[in-house]
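Please find below a colleague's note on this model, set out as numbered points.

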Amino acid sequence: MGNALFIIWRESAEAMLVVGIVYAWLKRQPDAAIGRRYLWAGVLAGVALALALAAAMLGIAHFLSGDALDYFQVAIMFVASGLIVQMVLWMRRHGRTLRSDLETRMRENADAANWWGMAVVVALAVGRETAETVVFLYGVGMQQMPTHQLLAVIAIGLFLAWATFWLLQQGSRFLSWRVFFKGSEVLLLLLAGGLLVSGIDKLISAGVLPPLADQLWNTTAILDDSSRFGGFVAAMTGYRAQPALLPMLCLAVYWIGVTLLLRAPRARPAALRA
């Protein structure tokens, strides 16, 4: 449950950032009242996109059974893991210019009196965050939670996201958007590695992949991954008290790849390269 709560908190805070940027820009416009109606229409459209994706995924899972359902769930784990890495890389490259890029697109649509264009921009931005959230939550198995627990996690995650957004907007020197993104991206990358290991473990259990070696070590006495806290750490990081060789090799390759991607030089704008 802890990893699901983290996902909802982080992704919702990022979506609130996008909406907050557009809302603040609209307040400076002469026809702000009209623009706000299209802003909220875009937000609702983005959320509707995520709900449609959730319904589609649950519908597919409903018609699958046995091995087919297990393979579908493993595929979602791998997709979620890849999306998390892609999202972290995207925010690293575009986070500093997110405000200016959004305001430029808003200004272009406003100059052309294209409020529907602004609504589409907002819908795509919010829809991206909420759709990613749906995939991530399915990947961590949140669809198996009881309905009341699922609603409670969503409500708490949204409240924490709103509280975080409010604190960040106050300009505290202890908590800034830079600190927020830096800290959360580390946790996201840990979670992506955990999803990768969980997917590989499932394929080994199904006999699709060989373990290569059944048990490299046994750290159950230090941290048992079957306990509540140990299970949370395992889900968030890929930790295993008695790991097989293949998942650990894959996790090592994952972190080497992520490290190389994060250290890769950023592409310069075309005007500077010319």
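The points that follow take up the conventions, the nonpolar core, a surface patch and one residue of a helix.

1. This is a predicted model, in which local features need pLDDT of at least 70 and side-chain atom pairs count only at pLDDT 80 or more, while totals for chains, interfaces and linings use all residues. Residues are numbered from 1 along each chain as its sequence is written, and side-chain values use heavy atoms, with hydrogens and water left out.

2. The largest nonpolar core (buried Ala, Val, Leu, Ile, Met, Phe, Trp, Tyr and Cys residues joined through side-chain atoms within 4.5 Å; buried means under 20% relative accessible area, with a 1.4 Å probe and protein chains only) has 65 residues, and Leu39 and Tyr254 have the most contacts inside it. Helices (DSSP runs of H or I, at least four residues, numbered from the N terminus) that each supply at least two residues of this core include H1 (2-27), H2 (32-63) and H9 (245-263). The largest share, 13 residues, comes from H1.

3. Tyr254, leaving aside neighbours within four places in sequence, is in contact (heavy atoms within 4.5 Å) with Val85, Leu189, Ala192, Gly193 and Leu196.

4. Is Ile156 of helix H6 buried or exposed, or in between? Ile156 is partly exposed (between 20% and 50%), with a relative accessible area of 43%.

5. Ile204, found in helix H7, counts as buried at 18% relative accessibility. Not counting residues up to four places away in sequence, Ile204 touches Leu209, Pro210, Pro211, Leu246 and Pro247. Ile204 and Trp177 are 27 residues apart in sequence and 40 Å apart in space, C-alpha to C-alpha.
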